[in-house]
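Me: I would like to learn how to read the features of a structural model, one at a time. May we work through an example together?

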Amino acid sequence: MKKLAIHPPITNASGPLSVTREELEALGRSASGAIVTKSMTHCPRVGNPEPRLVPHLEGQRGSINSMGLNNLGYRGYAELMSTLKSFGKLVIASISYAPCEHKLPLEEQYEEIAQTMIQSGADMLEINLSTPNLTGIPISNDPESIRRVLGPLCKKKKIPIGVKISPYNNTLLLFEEVAQLLMELKVDVVTTMNSEPNVMDIDLKTRTKVIKPREGYGGYGGPAILPIALAEVHRFYKFFKKYNSPIQIWGCGGIIQAEDAIKHFLAGASVVQVGTALLWKGTAVFAELSRGIEQWLKKNGHSHLEEIVGTVREL
Ligand code: RRO
């Protein structure tokens, strides 16, 4: 499979600002290297009750969300595909699972959505195995379910397949098992990480939880998760390097300014994604980060990003 070229090497993270036609077109007009849709499900979903997103937690600590997979449904995104492709950048279809009235099993939902996206012209699939806001454990924490979903998709792969996963910082044996499995299945990209799951914040004035769904528990994004994401990126980078695997790592988590992206590249990411920074700064964030990355590379004597990927030094 041809290696994906993303220029600049920055995209939006699938999320609250990649749901509607207007939001996706704004990404198309921006300097983002690709358009990544909100994770789409078999049936359209309104998502969880509000308030379900706090973009700015007190003290710039980040964002918390429990959107609950609000999305147009895969047919809605299939209809938008030709418009999105007209912006001349890669269109990445993020795909997720949620129970719906059709009662299709997990792997059949993924399969049907994936085939439709490929036929509609998507350039890549990002299989989201890690939504933190459904009940039960994320698929990426269960190797058997990972195989069930990815096995059929990878077997007849027509376009690159990425997987979006949860952090494994407290489950290192599971990490090894999953990394091995992703190599065996020959995915093309691992995007790590999804938001840090199951966190909570409290509004001191009202003494209430800051979001309503799932008793106030949601996914955490923003500056505080940068060290978690860097560790995830680096762990995968070292593992794949050890086995000579060509899987690319896309870093996601805690990137607000260019220096944060540079840290992701040093840890081993070859592309980065931004979620909370997009909520904070709007689509101008892509041009800002892209300029900042170029300037950092130049100032430090590099002509290509590849020169720094994975080059973090041990003490
Ligand atoms: O929609 C969501 O609540 C959501 C998803 Br699908 C995801 O993958 N990550 C996240 O933080 N929220």
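Me: Which residues point one way from strand 6, and which point the other way?

Reply: Please keep in mind that this is a predicted model. The general idea is that side chains in a regular strand alternate between the two faces of the sheet. In this case, Met-124, Glu-126 and Asn-128 point one way from strand 6, while Leu-125 and Ile-127 point the other way. All of these residues are buried, and strand 6 as a whole is mostly covered, with five of its five residues buried.

Me: How does one judge the burial of a single residue, for instance Ile-127: is it buried or exposed?

Reply: The approach is to count neighbours: a residue is called buried if 20 or more other C-beta atoms lie within 10 Å of its own, and exposed if there are 12 or fewer. Ile-127, in strand 6 (residues 124-128), is buried because it has 29 other C-beta atoms within 10 Å. Leaving aside residues up to four places away in sequence, Ile-127 touches Ile-95, Tyr-110, Val-149, Leu-150, Leu-153, Ile-161, Gly-162, Val-163 and Lys-164. One may also set sequence distance beside spatial distance: Ile-127 and Leu-185 are 58 residues apart in sequence, and their C-alpha atoms are 13 Å apart.

Me: Is Leu-315 buried or exposed by this count?

Reply: Leu-315 is exposed, because 2 other C-beta atoms lie within 10 Å. Leu-315 is placed in the segment after helix 9 (284-299). Its C-alpha atom is separated by 46 Å from that of Gly-47, and the two residues are 268 residues apart along the chain.

Me: How should I read a sheet, and what is the strand order in the sheet of eight strands?

Reply: A sheet is read from one edge to the other, noting the order and the direction of pairing. Here an open sheet of eight strands has the order 1-14-13-8-7-6-5-2, with parallel pairing. Its edge strands are strand 1 (10-12) and strand 2 (34-36), each of which pairs on one side only. Neighbouring strands in this sheet are turned by 25° against each other on average, direction ignored.

Individual pairings can then be followed. Strand 2 is joined by three bridges to strand 5 (residues 90-95), the two running parallel, and Ile-35 stands opposite Val-91 in strand 5. Strand 5 is in turn joined to strand 6 by four bridges, again in parallel, with Leu-125 as the bridge partner of Ala-93.

Me: Which strands stand at the edges of the sheet of four strands?

Reply: This open sheet has the order 3-4-12-9, with antiparallel pairing. Strand 3 (53-54) and strand 9 (196-199) stand at the edges; each has a single partner strand, so one side of each is left without a neighbour in the sheet. Strand 9 is joined by two bridges to strand 12 (residues 218-221), and these strands run antiparallel. Val-199 stands opposite Gly-218 in strand 12.

Me: How is a helix packing described, and at what angle do helix 7 and helix 9 pack?

Reply: The description covers the angle, the axis separation, the handedness and the residues that meet. Helix 7 (residues 258-267) and helix 9 pack at an angle of about 65°, with their axes 8 Å apart, and their crossing is right-handed. Ala-258, Ala-261 and Ile-262 in helix 7 meet Leu-289, Gly-292, Ile-293 and Trp-296 in helix 9. By class, this contact has six nonpolar, one polar and no charged residues.

Me: Which backbone geometries deserve a second look?

Reply: Most residues other than glycine have a negative phi, and most peptide bonds are trans. Among the exceptions, the peptide bond from Glu-50 to Pro-51 is cis, with omega near -5°; Pro-51 is in the loop between strand 2 and strand 3. The bond from Thr-192 to Met-193 is also cis, with omega near 20°, and Met-193 lies in the loop between strand 8 (189-192) and strand 9.

As for phi, Arg-207 has a positive value of about 60° although it is not a glycine, and Glu-215 has a positive value of about 55°. Arg-207 is exposed, with 7 other C-beta atoms within 10 Å, and Glu-215 is exposed, with 9.

Me: Which residues come nearest to the ligand?

Reply: Of the 15 residues around the ligand, Met-67, Thr-131, Asn-133, Ser-195 and Gly-219 come nearest. The shell has three nonpolar, twelve polar and no charged residues.

Key
Residues are numbered from 1 along each chain as its sequence is written. This is a predicted model: local features need pLDDT of at least 70, side-chain atom pairs count only at pLDDT 80 or more; totals for chains, interfaces and linings use all residues. A residue is near a molecule or strand if its C-beta atom, placed from the backbone, lies within 6 Å of it. Ala, Val, Leu, Ile, Met, Phe, Trp, Tyr, Cys and Pro count as nonpolar, Asp, Glu, Lys and Arg as charged, and the others, Gly among them, as polar. Two strands pair if DSSP finds at least two bridges between them. Axes are lines fitted to C-alpha atoms, for helices over the stretch in contact, and angles run from 0 to 180 degrees between N-to-C directions. A crossing is left-handed if the near helix is turned anticlockwise from the far one by less than a right angle, and right-handed if clockwise. Two residues are in contact if their C-beta atoms, placed from the backbone, lie within 7 Å.
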